[in-house]
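Work through the exercises below with the structure open. Each task is followed by a stepwise solution.

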Amino acid sequence: MLLVDDRALPDFKGIQTSDPNAVVIGLAPEHFHYQILNQAFRLLLDGAPLIAIHKARYYKRKDGLALGPGPFVTALEYATDTKATVVGKPEKTFFLEALRGTGYEPEEAIMIGDDCRDDVGGAQNVGMLGILVKTGKYRAADEEKINPPPYLTCESFPHAVDHILQHLL
């Protein structure tokens with residue numbers, strides 16, 4: 001059962017969905033309503049695994065912040081007494097896979113992001129430097145939500161890049 005944005009469906013080409021044996025959740029606001037979530041709930045009760053592309057709490061839209069997939073994944077985990085397999089941020093394997101083949105170790109890499117927990121915290125948990133930017137979905141005092149705190153907090157992505165070029169290379 002694919003609860004993903006319709007634009008992500010080509011990524012799942014060839015996967016049979018008529019008789020689902022797993023629940024995959026990504027960012028899919030159009031699918032997060034009672035009937036669909038209840039179908040997912042029943043599949044999970046019957047033993048299907050729950051796979052989360054990520055568990056972001058919220059994301060930024062043109063009209064403001066909106067719930068991400070995380071609250072829906074957490075609701076299904078709670079209701080079915082199961083734990084999702086998370087394949088994206090902030091999981092360590094996500095960041096390590098991003099580095100695979102580059103020839104660089106986590107200690108040689110930097111993550112710039114607007115999500116303190118998923119971007120910066122996830123990166124720092126594998127040994128990367130994390131720079132939080134005050135754009136996108138950033139909210140005041142986000143940098144206080146993780147330990148250790150971000151390596152640096154910048155006003156914008158260009159400011160973060162300037163810091164890297166001036167101080168870290």
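**Exercise 1.** Find which residue of strand 6 is the bridge partner of Ala52.

*Solution.* This is a predicted model. Step one: go to strand 3, residues 50–52. Step two: cross to strand 6, where Ala52 has Val86 as its bridge partner. Step three: check the pair of strands. Strands 3 and 6 run parallel and are joined by 2 bridges.

**Exercise 2.** Give the strand order of the open sheet, then explain why one side of strand 1 and of strand 6 has no neighbour in the sheet.

*Solution.* Step one: list the 4 strands, which come in the order 1-2-3-6 with parallel pairing. Step two: look at the edges. Strand 1 (2–3) and strand 6 (85–86) each have a single partner strand, so one side of each lacks a neighbour in the sheet.

**Exercise 3.** State which strands helix 2 lies across, and at what angle it runs to strand 3.

*Solution.* Step one: locate helix 2 at residues 70–80. Step two: note that helix 2 lies across strand 2 (23–25) and strand 3. Step three: read the angle to strand 3, about 160°.

**Exercise 4.** Describe the interface of domain 1 and domain 2.

*Solution.* Step one: set the bounds. The domain assignment gives 2–86 for domain 1 and 104–168 for domain 2. Step two: count the contact residues, 7 from domain 1 and 6 from domain 2. Step three: take the buried area, about 550 Å², with 48% from carbon and sulfur atoms. Strand 4 (residues 58–61) gives the most to the domain 1 side, with 3 residues. Step four: check the pairs across the interface. There are 0 salt bridges and 1 residue pair in polar contact.

Notes:
Residues are numbered from 1 along each chain as its sequence is written. This is a predicted model: local features need pLDDT of at least 70, side-chain atom pairs count only at pLDDT 80 or more; totals for chains, interfaces and linings use all residues. Side-chain values use heavy atoms; hydrogens and water are left out. Two strands pair if DSSP finds at least two bridges between them. Contact means heavy atoms within 4.5 Å. Axes are lines fitted to C-alpha atoms, for helices over the stretch in contact, and angles run from 0 to 180 degrees between N-to-C directions. Domain bounds come from an automatic or database domain assignment. Buried area is the accessible area (1.4 Å probe) that two parts lose on being put together, summed over both. A salt bridge is a side-chain nitrogen of Lys or Arg within 4 Å of a carboxyl oxygen of Asp or Glu. A polar contact is a pair of N or O atoms within 3.5 Å; within protein, one must be able to donate a hydrogen and the other to accept it, and residues adjacent in sequence count only if both atoms are side-chain atoms.
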